[in-house]
Amino acid sequence: MLHVISWHNNTASNRYNPDPRNWVGFGQRSIDDMSFAWVNYIWLTDEDFKRRSRSAKERTSADDAAAA
């Protein structure tokens with residue numbers, strides 16, 4: 001499982017943006033859809049993975065209950 005956080009700065013404050021007035025969607029040119037992704041990973045044993053998954057599900061359930 002990988003969790004990726006990425007950001008894209010298409011504003012005039014980005015000095016590497018060739019034209020901040022240009023609308024950017026998804027495209028084939030490399031300048032059409034640029035962002036930076038920082039990827040970290042850790043190795044988990046099966047037991048660690050199960051424990052972390054259980055904990056995340058419990059937090060989600062608690063958050064759902066609190067929101068209701």
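**Entry 1: S55**

I started with S55, which is partly exposed, with a relative accessible area of 28%. I was looking at a predicted model here, not an experimental one. S55 sits in helix α1. I then asked which side chain S55 makes a polar contact with. It turned out to be the side chain of R59, at 2.9 Å.

**Entry 2: the overall layout**

Next I zoomed out to get my bearings. I counted 1 helix and 2 strands in the protein. Reading from the N terminus, I get the order β-β-α. In residue numbers, β1 covers 5-7, while β2 covers 36-38 and α1 covers 46-67.

How much of the protein is buried? I looked it up, and buried residues come to 6% of the 68 residues. For the surface as a whole, I noted about 6,700 Å² exposed, with carbon and sulfur atoms supplying 57% of that.

I also checked contacts between residues at least 6 apart in sequence, and 44% of these join residues at least 24 apart.

**Entry 3: how confident the prediction is**

I wanted to know how far to trust the picture. The mean pLDDT of the protein is 79, and I see 71% of the residues at 70 or more. Which element has the lowest mean pLDDT, and which the highest? The lowest is β2, with a mean of 65, and the highest is α1, with 91.

**Entry 4: salt bridges**

A reminder to myself before hunting for pairs: side chains of opposite charge can pair when their charged atoms come close. I found 3 salt bridges in the structure.

I took D48 and R51 to begin with, whose side chains meet in a salt bridge at 3.3 Å, N to O. Both residues belong to helix α1, and because they are 3 residues apart there, about one helical turn separates them. On exposure, I have D48 as partly exposed at 26% relative accessible area. R51 is partly exposed too, at 45%.

Then I looked at R54 and E47, where the side chains meet at 3.9 Å, N to O. The cut-off for a salt bridge is 4 Å, so this pair is counted. R54 has 44% relative accessibility, so I list it as partly exposed.

The remaining entry in my list is D19 with R21, whose side chains meet in a salt bridge at 3.2 Å, N to O. I noted D19 as partly exposed, at 28%. R21, by contrast, is exposed, with a relative accessible area of 75%.

**Entry 5: N17**

D19 led me on to N17. A polar atom of the N17 side chain lies 3.3 Å from the backbone nitrogen of D19. Where is N17 found? I placed it in the loop between β1 and β2.

Is N17 buried or exposed? I have it down as buried, because its relative accessible area is 13% and the cut-off for buried is under 20%. Leaving out residues up to four places away in sequence, I see N17 touching N10 and T11.

**Entry 6: a nonpolar patch**

My last stop was the surface. Which residues form a nonpolar patch there? I found I42, L44 and F49, which together have about 270 Å² of accessible area.

I picked I42 for a closer look. Its place is in the loop between β2 and α1. I42 has 56% relative accessibility, so I count it as exposed.

**Entry 7: residues to revisit**

I jotted down a short list for next time. On it are S55, for its contact with R59, and D19, for both its salt bridge with R21 and its backbone nitrogen beside the N17 side chain, 3.3 Å away. I also added I42, for its part in the nonpolar patch with L44 and F49.

Conventions: Residues numbered from 1 in each chain as written. Predicted model: local features only at pLDDT ≥ 70, side-chain atom pairs only at ≥ 80, totals over all residues. Heavy atoms only, no water. Patch = residues over 30% accessible without salt bridge, like charges linked within 9 Å, V, L, I, M, F, W, Y side chains within 5 Å. Areas by Shrake-Rupley, 256 points an atom, 1.4 Å probe, with all protein chains shown as cover. Helix = DSSP H or I, 4+ residues; strand = E, 2+ residues; numbered from the N terminus. Buried < 20%, exposed > 50% of the residue type's maximum accessible area, 1.4 Å probe, protein only. Polar contact = N/O pair within 3.5 Å; in protein donor to acceptor, adjacent residues only side chain to side chain. Contact = heavy atoms within 4.5 Å. pLDDT = per-residue confidence, 0-100.
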